[in-house]
Amino acid sequence: LTIDKKNGKINLDLRASDSKLYCDKLQFSNAISNLIDNAVKYNENVPEIKISTMNSNSTFEILIEDNGIGMDKKYHSKIFDTFYRIPTGNIHNVKGNGIGLSTVKKIIEAHLGKIFIESEKNKGSKFIIHLPKIY
């Protein structure tokens with residue numbers, strides 16, 4: 001709903017040929033929803049989000065990319081810490097409490113996966129999730 005309010009769009013590139021996952025559907029969907037919500041919330045443009053899936057040797061990968069505000073590399077290692085918010089001085093135009101990304105990381109790790117970020121200030125962010133394949 002929030003993406004509709006901003007006239008945004010989500011593009012799908014679902015190339016994974018094997019997308020079987022052993023996961024808690026509710027928790028896993030909460031993690032993905034949080035990443036999509038952040039892509040809308042931390043965006044000063046019309047949000048464009050790309051969700052991709054692919055298989056690699058032993059993992060199922062999900063990539064969530066946006067055209068949002070991005071962040072400096074110096075914050076990449078901290079954003080998954082509980083209660084961490086990137087400093088903005090006295091300007092707090094986006095509400096949050098710093099637990100969303102830490103919860104996402106915990107959910108992904110509970111599924112034996114890993115999450116990474118690639119981001120650059122004013123150029124958007126890409127979250128990369130690696131999950132083990134089911135054999």
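**Group meeting talk: a sheet and the helices on it**

Okay, let's start with helix 3, where Leu101, Ser102, Val104, Ile107 and Ile108 are buried. One thing up front: what you have on the screen is a predicted model. So what do those buried residues of helix 3 pack against? They pack against helix 2, strand 4 and strand 5. That gives us a route through the structure: the sheet, then the helices, then a few single residues.

So, the sheet. There are five strands in it, the sheet is open, and the order is 1-2-3-5-4 with mixed pairing. Which strands stand at the edges? Strand 1, residues 9-14, and strand 4, residues 114-119. Each of those has a single partner strand, so one side of each is left without a neighbour in the sheet. Going from one strand to the next, the twist averages 15°.

In general, strands of a sheet pair through backbone hydrogen bonds, either parallel or antiparallel. Let's walk across and see which is which here.

Strand 1 and strand 2 run parallel, and six bridges join them. If you want a spot to look at, find Asp13, which stands opposite Ser52 in strand 2. To get from strand 1 to strand 2, the chain goes through helix 2, and this β-α-β crossover is left-handed.

Stay on Ser52 for a second, in strand 2. Is Ser52 buried or exposed? Its relative accessible area is 3%, so Ser52 is buried. Leaving aside neighbours within four places in sequence, Ser52 is in contact with Asp13, Glu61, Ile62, Leu63 and Glu65. You've already met Asp13 as the residue opposite Ser52.

Next pair along: strand 2 and strand 3. These pair in the antiparallel sense, over seven bridges. The link between strand 2 and strand 3 is a hairpin, through three residues. Asn55 has its bridge partner in strand 3, and that partner is Phe60.

Then we come to strand 3, residues 59-66, and strand 5, residues 125-132. How do strand 3 and strand 5 run, parallel or antiparallel? They run antiparallel, with seven bridges joining them. Two places to check on screen: Glu61 stands opposite His130 in strand 5, and Thr59 has Pro132 as its bridge partner in strand 5. Glu61, by the way, is one of the residues in contact with Ser52.

Last pair: strand 4 and strand 5, which run antiparallel and are joined by six bridges. Phe116 has Ile128 as its bridge partner in strand 5. Strand 4 and strand 5 form a hairpin with five residues between them, and in the turn Asn122 has a positive phi of about 65°.

Right, on to the helices. Helix 2, residues 25-41, lies across strand 1, strand 2, strand 3, strand 4 and strand 5, and runs at about 25° to strand 3. Helix 3, residues 100-110, also packs on the sheet, where it touches strand 4 and strand 5, and its direction makes about 140° with that of strand 4.

Now, how do the helices meet each other? Two packed helices are described by the angle between their axes and the distance between the axes. For helix 2 and helix 3, the axes come within 9 Å and cross at roughly 145°. The crossing of helix 2 and helix 3 is left-handed. From helix 2, the contact is made by Gln27, Phe28, Ala31, Asn34, Leu35 and Asn38, and from helix 3 by Gly100, Leu101, Val104, Ile107 and Ile108. What kinds of residues are in that contact? Seven are nonpolar, four are polar, and none is charged. Leu101, Val104, Ile107 and Ile108 should sound familiar, since they are among the buried residues of helix 3 I opened with.

To finish, two residues in the loops. Phe83 is in the loop between strand 3 and helix 3. Phe83 has a positive phi of about 70°, although it is not a glycine. At 63% relative accessibility, Phe83 counts as exposed.

The other one is Leu112, in the loop between helix 3 and strand 4, and just after helix 3. Leu112 isn't a glycine, yet it has a positive phi of about 65°. Is Leu112 buried or exposed? It's exposed, with a relative accessible area of 71%.

That's the tour. Happy to rotate the model if anyone wants another look.

Definitions and conventions:
Residues numbered from 1 in each chain as written. Predicted model: local features only at pLDDT ≥ 70, side-chain atom pairs only at ≥ 80, totals over all residues. Heavy atoms only, no water. Pairing = 2+ DSSP bridges. Helix = DSSP H or I, 4+ residues; strand = E, 2+ residues; numbered from the N terminus. Axes fitted to C-alpha atoms, helices over the stretch in contact; angles between N-to-C directions. Contact = heavy atoms within 4.5 Å. Left-handed = near helix turned anticlockwise from the far one by under 90°. Nonpolar A, V, L, I, M, F, W, Y, C, P; charged D, E, K, R; others polar. Right-handed = clockwise from strand over helix to strand, strands pointing away. Buried < 20%, exposed > 50% of the residue type's maximum accessible area, 1.4 Å probe, protein only.
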